[in-house]
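Student: I am new to this model and would like to go through it step by step. Please start with the side chains.

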Amino acid sequence: MEAVAKLNNFPTSPRKARLVADLIRGKKVSQALGILSHQPQAAAPILKKVLMSAVANWQEKNTEITIDDAELVVKTIFVDSGRMLKRLRPAPQGRAHRIRKRSHHVTLVVDNVATPVEAPAEEEVKTEE
């Protein structure tokens, strides 16, 4: 069973956060935590908190299974752009330059590797002869 964690309107450029998110996509949770704890980017500790939140959400849903027994994987992670604060900076000769302070939303889904994927049932086609 999968669990989701979301972070909204974090004040960092989405492009910078996507670079870190691409490193952990599809990895096991223990490996992803190791990667995030050694990354120098500013988005790494934030994504680590979101990942820990997703693991806690998974544990809350699956109380009968321990985390040690389950092989959790970062199933999906995506970073969308959030709201943009628009500011003006004075420029020479009475002009103004626009400053765009970007933010982003993070959505992270963890799931157990052993979860069976249900294939759609095939219907038998009867032919008349």
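**Questions on the model**

Student: With which residue does D22 form a salt bridge?
Tutor: A salt bridge is a side-chain nitrogen of Lys or Arg within 4 Å of a carboxyl oxygen of Asp or Glu. For D22 the closest N and O atoms of such a pair are 2.7 Å apart. The partner of D22 is R25.

Student: What kind of model is this, and what pLDDT do local features need?
Tutor: Residues are numbered from 1 along each chain as its sequence is written, and side-chain values use heavy atoms, with hydrogens and water left out. This is a predicted model, in which totals for chains, interfaces and linings use all residues, side-chain atom pairs count only at pLDDT 80 or more, and local features need a pLDDT of at least 70.

Student: Is D22 buried, partly exposed or exposed?
Tutor: Buried means under 20% relative accessible area, exposed means over 50%, and partly exposed lies in between (1.4 Å probe, protein chains only). R25 has 39% relative accessibility and counts as partly exposed. D22 has a relative accessible area of 45%, so D22 is partly exposed.

Student: How many salt bridges does the count come to?
Tutor: Besides the pair D22 and R25, the side chains of E2 and K75 meet at 2.8 Å, N to O. K75 and D111 also meet, at 3.8 Å, N to O. By the salt-bridge rule, the count comes to 3.

Student: Which residues are linked in a network of salt bridges?
Tutor: K75 has one salt bridge with E2 and another with D111. K75 lies in strand 2 and D111 in strand 5, so this pair ties together parts 36 residues apart in sequence. Strands here are DSSP runs of E with at least two residues, and helices are runs of H or I with at least four, numbered from the N terminus. The network links E2, K75 and D111.

Student: Is D111 buried or exposed?
Tutor: Its partner K75 is partly exposed, at 44% relative accessibility. D111 is at 11% relative accessibility, so it counts as buried.

Student: In what order do the 3 strands form the open sheet?
Tutor: Strands of a sheet pair through backbone hydrogen bonds, either parallel or antiparallel. Here two strands pair if DSSP finds at least two bridges between them, and the pairing in this sheet is antiparallel. Strand 1 (3–10) and strand 2 (72–81) are the edges, each pairing on one side only. The order is 1-5-2.

Student: How many bridges join strand 2 to strand 5?
Tutor: Strand 5 covers residues 104–112 and runs antiparallel to strand 2. D80 stands opposite H105 in strand 5. The bridges joining strand 2 to strand 5 number 9.

Student: At what angle does helix 1 run to strand 2?
Tutor: Axes are lines fitted to C-alpha atoms, for helices over the stretch in contact (heavy atoms within 4.5 Å), and angles run from 0 to 180 degrees between N-to-C directions. Helix 1, residues 14–24, lies across strand 2 and strand 5. Its angle to strand 2 is about 165°.

Student: Which residues does T107 touch, not counting those up to four places away in sequence?
Tutor: T107 is found in strand 5. At 12% relative accessibility, T107 counts as buried. The residues T107 touches are V4, A5, K6, T76, I77 and F78.

Student: What phi does Q93 have?
Tutor: Most residues other than glycine have a negative phi. Q93 sits in the loop between strand 3 (85–90) and strand 4 (96–101), and Q93 is exposed, with a relative accessible area of 71%. Although Q93 is not a glycine, its phi is positive, at about 60°.

Student: Which helix gives the most to the lining of the largest pocket?
Tutor: On a 1 Å grid over the protein atoms alone, a pocket is an open set of points where a 1.4 Å probe fits, with protein on both sides within 12 Å along at least five of seven lines; lining residues have an atom within 4 Å of a point. The lining includes V29, L33, M52 and V55. Helix 2 (29–37) and helix 3 (43–61) each supply at least two lining residues. With 3 residues, the one giving the most is helix 2.
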